[in-house]
Amino acid sequence: LPIVSKRMKPRAVVLLNLTRDQLDRYAETDVIFSLWQSFIKTNNNTRIFVYSGDENLCKLKGGNITWFNTKENFEPKLKGGFNKIKLNASYKVCDFLIGKNVGVKEILNEFEPVFGRGEKLTYKGNNINIFLNKNPASFNQNLQLVMDLSSGYPQNKNIVVIGLNDN
């Protein structure tokens, strides 16, 4: 964020999580936290949307922070708690940038997942859901989503295939 803010002045920034498995390939979470906190303090004209369900992000301070959670009234096609966070962030930013009553909720409710991020396919009469696992956090989220979704299907129809790629 500090590097980006030297070249441009964003009107809005969204911070969703600060977890080790997301950031260990870049830097320690404490370093990233400090950089983000510095950005918030030095960019008073930028609205910072922060997910309140992340305990690390809850430590951020600033008058330009707008906190959000997963309690918006959505019925999206995109399932999973992690997707609900992203949808709520999108709604909050759109509300800030273009205002209420522009059909944002309706658009987000109709959003169709693609490229393995909750994509739905039918093959030989069977419904298939594809969930991309990029790290341990997404693996756990997707596993929880599969368990939640499977309660609506007969036990003899549930097939779960998990593929891991360590590259």
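These are my notebook entries on what I looked up in this predicted model.

**Entry 1: the overall layout**

I began with the chain as a whole. I counted six helices and five strands in its secondary structure. Reading from the N terminus, I noted the order of elements as α-β-α-α-β-β-α-α-β-β-α. The chain has 167 residues, and buried ones make up 29% of them. Next I looked up the accessible surface, which comes to about 11,600 Å². Carbon and sulfur atoms account for 53% of that surface. I also checked how far the contacts reach along the sequence. Of the contacts between residues at least 6 apart, 46% join residues at least 24 apart.

**Entry 2: the largest nonpolar core**

Which residues make up the largest nonpolar core? I found twelve: Val13, Leu15, Leu18, Ile32, Trp36, Phe39, Ile40, Ile48, Val50, Leu57, Leu60 and Ile65. Strand E1 (12-15), helix H3 (29-42) and strand E2 (47-51) each supply at least two of these residues. H3 gives the most, with four residues. I added a reminder for myself: in soluble globular proteins, nonpolar side chains tend to be buried together.

I then followed one member, Ile65, to see what it touches. Setting aside neighbours within four places in sequence, I listed Ile40, Ile48, Val50 and Leu60 as its contacts.

Since I was already in H3, I looked at Ser34, which lies in that helix. Is Ser34 buried or partly exposed? Its relative accessibility is 45%, so Ser34 counts as partly exposed, the class between 20% and 50%. I also noted its distance to Leu60: the two are 26 residues apart in sequence and 9.2 Å apart in space, C-alpha to C-alpha.

**Entry 3: aromatic pairs**

I searched for aromatic pairs and the structure holds two. One of them is formed by Tyr51 and Phe68, with 5.9 Å centre to centre and 45° between the planes. This pair is classed as tilted, because its angle falls between the 30 degree and 60 degree cut-offs. Tyr51 is in strand E2 and Phe68 in strand E3 (residues 65-68), so I logged the pair as a link between distant parts of the chain, 17 residues apart. Both Tyr51 and Phe68 are buried.

**Entry 4: Pro76**

My next stop was Pro76, in the loop between E3 and helix H4 (81-98). Its relative accessible area is 11%, so this proline is buried, under the 20% cut-off. What is Pro76 in contact with, beyond its neighbours within four places in sequence? I found Leu87, Leu108 and Asn109. For Asn109 I also looked up the spacing: Pro76 and Asn109 are 33 residues apart in sequence, yet 4.0 Å apart in space from C-alpha to C-alpha.

**Entry 5: a surface patch and the loop beside it**

I finished at strands E4 and E5. Leu121, Tyr123, Ile128 and Ile130 form a nonpolar patch on the surface, and together they have about 330 Å² of accessible area. Strand E4 (117-123) and strand E5 (126-131) each supply at least two of the patch residues. I checked Ile130, which is found in E5. At 31% relative accessibility, Ile130 counts as partly exposed. Residues need over 30% to join a patch, so Ile130 qualifies on that criterion.

Lys124 sits in the loop between E4 and E5. I flagged it for its backbone: the phi of Lys124 is positive, about 50°, although this residue is not a glycine. For context I wrote down that most residues other than glycine have a negative phi. Is Lys124 buried or exposed? With 70% relative accessibility, Lys124 counts as exposed.

How values were computed. Residues are numbered from 1 along each chain as its sequence is written. This is a predicted model: local features need pLDDT of at least 70, side-chain atom pairs count only at pLDDT 80 or more; totals for chains, interfaces and linings use all residues. Side-chain values use heavy atoms; hydrogens and water are left out. Patches are made of residues with over 30% relative accessible area and no salt bridge: like charges are joined within 9 Å, nonpolar side chains (Val, Leu, Ile, Met, Phe, Trp, Tyr) within 5 Å. Accessible areas come from the Shrake-Rupley method with a 1.4 Å probe; for residues, only the protein chains shown count as cover. A salt bridge is a side-chain nitrogen of Lys or Arg within 4 Å of a carboxyl oxygen of Asp or Glu. Buried means under 20% relative accessible area, exposed over 50%, partly exposed in between (1.4 Å probe, protein chains only). A nonpolar core is a set of buried Ala, Val, Leu, Ile, Met, Phe, Trp, Tyr and Cys residues joined through side-chain atoms within 4.5 Å. Contact means heavy atoms within 4.5 Å. Rings of Phe, Tyr and Trp (its six-membered ring) pair if their centres lie within 6.5 Å; planes under 30 degrees apart count as stacked, over 60 as edge-to-face and the rest as tilted.
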